[in-house]
Every structure is written in structure tokens, then in C-alpha cells.
Amino acid sequence: MLDTFRSSSKLINTFTGHTDCVHSIDYLTFDDCQFICSGSSDRTVRVWDVDNNKQIQSFNGHSDSVNCVKFSHYHYHNSGRNVICSSSNDNTIRFWDFKYNKQLQVFNGHINDVCGIEFSSFNGGKYLCSGSYDKTIRLWDVETSKSLHIFNGHEDSVLCVDISPLQSNNKNDDNSNKMNNIGVIGGNGYTICSGSWDTTIRIWDIETTKQLNVFEGHIYYVNSVKYGSNELLNTILSGSYDESVRLWDIRSGKQIQVFDEHKNAVWSVEYSPFVVKNNELGGNLNVICSGSWDNTIRFWDIRSNKNELYMIKGDYKRDRGITCLKFIELKKKDKTKNVTYDWNLCYGSRNGHIHIWG
């Protein structure tokens, strides 16, 4: 429940080490150990040991700002490697083994800054999509390091991408493992969404490589896009330089809600794990979350664009604005030494700090 988080949460940890804006963070558990990775304008990719509250690795191989970082489930489950993927303004995507402190792969193909990246929800994360200032989206095979397809259609830089969530397996679908025209097995029905400087959000079919839809409504750069899951499977959440957060219905192609309380650019949006009890409608309502350069993180009722449900206000002198968000479920030991898990919110700032609120 959001009420529980709102009543008891506080700042519980801060990681310092980056010397410039933190653009991206990710979280994963490897071998029962909890890690956060981060990418920054200081050109580094860093790894943080959450259990011991310290930085354990820093990679300096990029020659320009690091825009996005993701842990690779594919490498972990297929070869036992602890790997981070990062994209940069040096036009490359790089893979880093942080257990053995070495670079594994470099993807070259984009001819300008590489912004958002995302692993596929299908085939164990074997595929990666990327958006770039060169106005394209690329789909890559992580195993072979090959670029499988280039999606063209945006009229300006592509800032953010996401891949639709894992679908339930249909035993009656004879084509579920059929190889399609871009070499993706199991890509049937999966889509990519992308946000751009051209102010649009576009949907792309991975199997057919066709553009399916264009969402228009933002009046400035689209900085963040996210697919919903479960009962919100047919929605997309977006945040923009126009200071708004918007919710879209994929089936109708229409905008559902606009949340416009932020006072500066919205750089990150997330579907939160929290719900809020609604006595009027009965049951619980889903909550979404957004982070902005106005140095606030705001929580919103997905069914209403009225005032926000809750706001976390940062220290502007210290942070100068929120740049990225990630909900993480951290281990917690009580006095009986039993292990429980609590939802926490991890966020990065323009000043290079990473905070955990929970």
C-alpha cells in the first residue's frame, strides 16, 4: 500500500562517487547479492554493493557521457557472468563483466549518440533495442553482437525505448518458436515503443518490423517511456520536457490521462509497485511515479489526473533535480534473523548522487 510507504519511508542510503549527472540506474540480485549499476555524464559506469553500502567497480571505457545502463539477465543465466550493458554519446553500446573487471563486447552501428537501451522480455533477454540521436532504433542479437534491424520513422533523435512485457505462452500457437524475418524466435506479438525529440511516441512490431502507431500529445521532447504490465498491459506511460506525465491506451491509440503538476522537465516515469485504497470506487487503485528536474518525485492515481497522491521533495542544493528512478525490492533482516523484502525507491540526481528511499 502507498499509505504504508508514505507514513514510514525516509532516506535510508546515499551513494556518492559520480562527479556529474546520473542519467540511469538499474538493480539486480546476483548469487543472493544485491547490486545497483549507474551511468553518468562523468563517462563512467559504476557498480554498487547494496548489502555493504559501497562502490565495488568503476568502468572508464566510454569516451563520452553514459546515458543508460542495464543488467544483462542473458549473460547471467547463460554463462553465469555478472554483466552490465551501457550506451553512450560516444556512439557505442558496451558490455562489462563487473565480477572480473573487463569489457566483453562493443556494439558499433549507430552514427550518433546512443540514448535508451532495453533487453527483450522474451528469449531470456537475448535481444537488445537501442535508440539514438541518429533518429533510428536498432535491434541487436546479444549472442552474436549483430544488428538485426534498423527501425526508421522518427523525425528527430530517439531518446528512450522499451520492449513490451513477457506474454503468456499459448500452447496452441504452432508459430511460437517459428523463426521470423529478422531472426527473432518468439518475437511474435512483441513490440517496441520509443520516445523522441520529435515529440511523438511510436510503436513498432518486432516480428514484421512495421510501425504500428504514433501517439501525439506531448509538445516537447519525450524523455521516458514505459510499458505497463498485468492489468495495465495495454498502457504506456511517458514523461516529457514539457513538464507533463501522460498515460496512453495502446489499443485505442488515445491519451488517457495527463499529470501536469511538475514545474520542470520530467526525466523518468515508472509504474510503482504500490496501490492506494479507494473507498468510493472500492478496491485498490494503481499508482504511477515520476521524477523531475524540479527535484520532486510524485506519485499519481492512474485513474485520476487530480493532484498527486504523494510527493518526495529532494534537497535542491545537493541534488539539483531528479534524473532517473528505479523501484527495488531490498532484503531486510529482522531481530529474529528472518529475511523479508521491502519495496524501496532508488533515484539518481543531476549532481551525481544516488539515493535510496524506503
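The legends below accompany close-up views of a predicted model.

**View 1. The repeats that a record assigns to the chain.**
An unreviewed UniProt entry places the feature "repeat: WD" at residues 15–58, 59–106, 107–150, 188–214, 215–258 and 259–310. Two of these spans can be described by their ends and their content: in residues 59–106 the end C-alpha atoms lie 14 Å apart, and the span is 15% helix and 48% strand. In residues 215–258 the end C-alpha atoms lie 13 Å apart, while the span is 0% helix and 52% strand.

**View 2. An open sheet formed by strands 10, 11, 12 and 13.**
Four strands make up this open sheet, and they follow the order 10-11-12-13 with antiparallel pairing. Strand 10 and strand 13 (146–151) are the edge strands, each of which pairs on one side only. Averaged over the sheet and with direction ignored, neighbouring strands are turned by 25° against each other. Strand 10 is joined to strand 11 (residues 127–132) by four bridges in the antiparallel sense, and across this pairing F119 stands opposite L128 in strand 11.

**View 3. The surroundings of C115 in strand 10.**
C115 has its place in strand 10, which covers residues 114–119. Is this cysteine, C115, buried or exposed? C115 counts as buried because its relative accessibility is 7%, and the cut-off for buried is under 20%. Leaving aside residues up to four places away in sequence, C115 touches N67, C68, S87, G131, S132, Y133, V158 and L159. From C-alpha to C-alpha, C115 and T92 are 9.8 Å apart in space, although 23 residues apart in sequence.

**View 4. Cysteines without a disulfide.**
A search of the whole structure finds zero disulfides. C37 is accordingly in no disulfide, and the nearest cysteine sulfur to that of C37 belongs to C68, 8.8 Å away. C37 is buried, because its relative accessibility is 0%. Why does the sulfur of C68 form no bond with the closest cysteine sulfur? That closest sulfur, in C85, is 8.1 Å from the sulfur of C68, which is too far for a bond, because a disulfide needs sulfur atoms within 2.5 Å. C68 is also buried, because its relative accessible area is 9%.

**View 5. Strand 15 and the two directions of its side chains.**
Strand 15 runs over residues 191–196 and is mostly covered, with six of its six residues buried. In a regular strand, side chains alternate between the two faces of the sheet. Here T191, C193 and G195 point one way from strand 15, whereas I192, S194 and S196 point the other way, and all of them are buried.

**View 6. The partners of strand 15.**
Which strands pair with strand 15? Strand 14 (residues 158–163) is joined to strand 15 by five bridges, and these two strands run antiparallel. Within this pairing, V161 has S194 of strand 15 as its bridge partner. Strand 16 (residues 201–205) is likewise joined to strand 15 by five bridges, again running antiparallel, and here G195 stands opposite I201 in strand 16. The hairpin of strand 15 and strand 16 has four residues between the strands, and in this hairpin T199 takes a positive phi near 75°.

Terms used: Residues numbered from 1 in each chain as written. Predicted model: local features only at pLDDT ≥ 70, side-chain atom pairs only at ≥ 80, totals over all residues. Heavy atoms only, no water. Buried < 20%, exposed > 50% of the residue type's maximum accessible area, 1.4 Å probe, protein only. Contact = heavy atoms within 4.5 Å. UniProt positions renumbered as here; feature names shortened; annotations may be inferred. Pairing = 2+ DSSP bridges. Axes fitted to C-alpha atoms, helices over the stretch in contact; angles between N-to-C directions.
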